[in-house]
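Reader: I'd like a close look at one helix pair in this model, and at a few backbone oddities elsewhere in the chain. Could you walk me through them?

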Amino acid sequence: MLKFKKMGSDKVPLLLVTANVGSIFEDPSVMLPIWTSEFLQAVSRMDPKFIALHLQEVGGKAYEKSMQYVKDFVQRLCDCPELRLFDKIRIFLDEDFSSPEKFTALGNMYFAHTSLADLKIWDFEKRNYVEVSGREVNSGNIEKVTTKEKVKFPQHFFPECKWSRKGFMRTRWSIRGTAVEFVNIHLFHDASNLLALEPFPSVYCRSRRRALRHTLRHLHSDVNAAPYFIFGDFNFRTDTGAVVKKVTEDLQASRVQNGTSVDSTKLQYRSKGDDRTVLTIGKKEFAHVDHQKIFRESWLLKYDKELEALRPHLYEFPVKFPPSYPFEEDVHLPTHYMKTRCPAWCDRILLSQSARLLVQDRTENRVHHSRKSVTDSTDSGSGRLSSSDSSPARSASPAKQNQWSPGKKLEKKGSMAEIDALSVPVNTVSRKSIADPTSVQQAINARVSDSETSPSRRKLVRNQSEGSPKTGDTSELRRLIDAPTRRRNEYGVIGDATCMGDHKPIYLRVMLQSDRGTYRHEFHTETSPKCVNLDVQDNDAVETQSRYICFNNTPNNLFKETDI
């Protein structure tokens with residue numbers, strides 16, 4: 001018989017999701033049920049205890065007409081059976097489009113499981129944590145809501161755009177004794193493919209970099225700041241000029257002018273043998289003859305460069321999924337890219353270096369003692385930062401996902417480089433096949449039998465309110481057999497084989513260490529590193545020790561709003 005008990009206090013499984021939902025509100029009767037279903041399937045599969053869902057372009061591009069559907073969307077999520085045990089909900093929706101100087105169309109939604117008792121949210125006005133209970137939905141004009149901070153980027157950050165909704169919104173939480181921040185961000189897009197062809201970094205890349213540095217400076221200057229996860233639509237694009245050079249080798253270029261304006265100009269690349277057009281580039285056109293295949297290959301990741309300048313301050317788990325944008329908004333073409341932009345990884349989930357330490361597996365750190373710098377570890381042929389503190393990312397369809405693929409105690413650290421030197425070795429975990437329900441049942445029976453005969457083994461447990469699995473319920477059996485693998489970190493796509501709008505939602509599942517306390521900034525001179533102190537109780541040694549983490553050891557101008 002299955003036994004029941006509450007979740008343990010060592011780690012809290014977090015599910016972080018970012019999604020640009022602008023296009024799903026343009027056809028809400030069709031797209032909202034599909035999007036919601038895929039999201040809830042991901043929640044059921046990964047079984048988190050805290051969900052942070054960050055949305056961009058809430059209400060769609062024609063928000064004046066579509067904003068009415070946002071309420072239905074929120075109601076659909078809050079009342080769904082899959083989230084019935086998430087009894088603590090906080091929602092922040094910036095919907096007041098009548099104030100263009102403040103409107104960002106960002107939405108931050110947080111769901112906490114009933115077993116997560118020790119939960120608090122920061123009040124930015126009172127400067128203290130307040131208990132979280134029940135459901136609270138903040139929508140419309142949320143300027144006076146003090147449990148969030150919302151900032152719209154200055155207009156001069158993107159002078160070519162007459163008006164934009166770009167900005168960020170953050171919340172700060174104490175989750176079972178560990179303080180963390182969740183920052184929702186939306187950066188500027190590439191307005192013209194032709195301008196994006198200029199040498200890297202393009203004018204659009206520099207605008208995004210300026211806004212992101214502005215955000216990081218703001219986060220690091222807060223004396224009450226905590227380790228943060230920043231996730232949203234960064235609009236990161238590949239080095240377009242280098243990509244074009246790669247795919248047009250041995251092709252002949254020509255310029256086509258369909259009118260007098262610059263916007264009517266197109267570049268065409270033809271094969272020299274049969275004069276066949278292989279690639280066409282216009283202001284809002286990027287069409288390759290083999291579009292649906294060539295941009296899904298792993299070589300493209302080599303040209304994803306926008307994050308490189310901020311690697312010392314932001315960490316990302318290895319990217320093992322195809323570009324998240326721009327997909328066809330057609331339910332019959334869920335995996336097809338639109339021929340408007342070069343496919344890119346616009347939607348990302350990034351961590352501060354201090355947050356990264358909170359989701360590392362301390363058990364693995366104690367077993368392995370490698371000090372090889374993560375900055376020296378790159379994916380072969382891609383030059384991309386790599387680390388082994390996560391498993392390969394898996395989407396809802398692991399088989400398809402895999403086809404696309406390119407301990408130590410923390411002592412006082414004097415520099416960011418030393419923190420980067422921490423590496424987490426790979427821990428290979430074998431999995432039994434779940435394709436055959438009979439095999440699944442046999443595996444579960446074996447595990448239950450082992451736990452009954454061996455007191456030292458952890459018994460299979462479930463939340464009492466969920467009840468026992470029904471006979472023939474293979475989805476529930478798979479959820480149970482997958483429990484050990486859900487302890488690992490996952491970074492991937494939701495709805496990879498389903499139409500989710502022009503952006504695919506990206507998720508990160510991590511295990512947050514409990515009782516890690518609150519980071520406290522200690523400000524020094526301009527040439528000294530900004531350090532934070534964390535008093536931690538080591539549950540194994542039952543002793544308290546002081547740990548220091550430095551945000552940076554570089555000159556203070558690193559976060560100035562200037563370009564590299």
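Author: Here is the helix pair, followed by the backbone oddities. Bear in mind that this is a predicted model.

A bit of context before zooming in. The protein chain has 564 residues, and 56% of them count as buried. Its secondary structure comes to 13 helices and 24 strands. About 24,200 Å² of the chain is accessible surface, with carbon and sulfur atoms contributing 48% of that.

Now the pair itself. Helix α1 covers residues 28–46 and helix α3 covers residues 68–78; their axes sit 11 Å apart, and the packing angle is about 30°. Angles under 35 degrees count as roughly parallel, so α1 and α3 get that label. As for handedness, the crossing of α1 past α3 is right-handed.

Which residues do the touching? On the α1 side you'll find Pro28, Leu32, Pro33, Trp35, Thr36, Phe39 and Leu40, and on the α3 side they meet Tyr69, Phe73, Arg76 and Leu77. Sorted by type, that contact holds nine nonpolar residues, one polar and one charged.

On to the backbone, starting with the cis peptide bonds. One of them runs from Phe200 to Pro201, with omega near 0°. Pro201 belongs to the loop that links α4 (193–196) and α5 (203–221). Another cis bond joins Tyr325 to Pro326, again with omega near 0°. Here the proline, Pro326, is in the loop between two strands, β17 (314–315) and β18 (347–352).

Then come the positive phi values. Ala105 isn't a glycine, yet its phi is positive, at about 60°. You'll find Ala105 in the loop from β4 (88–93) to β5 (107–112). Is that alanine buried or exposed? Ala105 has a relative accessible area of 0%, so it counts as buried.

Asp275 is another residue other than glycine with a positive phi, near 60°. Its loop lies between β14 (265–271) and β15 (277–282). The cut-off for exposed is over 50% relative accessible area, and Asp275 comes in at 52%, so it counts as exposed.

Put side by side, Ala105 is buried, whereas Asp275 is exposed. If you're stepping through the backbone torsions yourself, the places covered here are the cis bonds leading into Pro201 and Pro326, plus the positive phi values at Ala105 and Asp275.

Note on methods: Residues are numbered from 1 along each chain as its sequence is written. This is a predicted model: local features need pLDDT of at least 70, side-chain atom pairs count only at pLDDT 80 or more; totals for chains, interfaces and linings use all residues. Side-chain values use heavy atoms; hydrogens and water are left out. Axes are lines fitted to C-alpha atoms, for helices over the stretch in contact, and angles run from 0 to 180 degrees between N-to-C directions. Helices (H or I, at least four residues) and strands (E, at least two) are DSSP runs, numbered from the N terminus. Angles under 35 degrees count as roughly parallel, over 145 as roughly antiparallel, 65 to 115 as roughly perpendicular and the rest as oblique. A crossing is left-handed if the near helix is turned anticlockwise from the far one by less than a right angle, and right-handed if clockwise. Contact means heavy atoms within 4.5 Å. Ala, Val, Leu, Ile, Met, Phe, Trp, Tyr, Cys and Pro count as nonpolar, Asp, Glu, Lys and Arg as charged, and the others, Gly among them, as polar. Buried means under 20% relative accessible area, exposed over 50%, partly exposed in between (1.4 Å probe, protein chains only). Accessible areas come from the Shrake-Rupley method with a 1.4 Å probe; for residues, only the protein chains shown count as cover.
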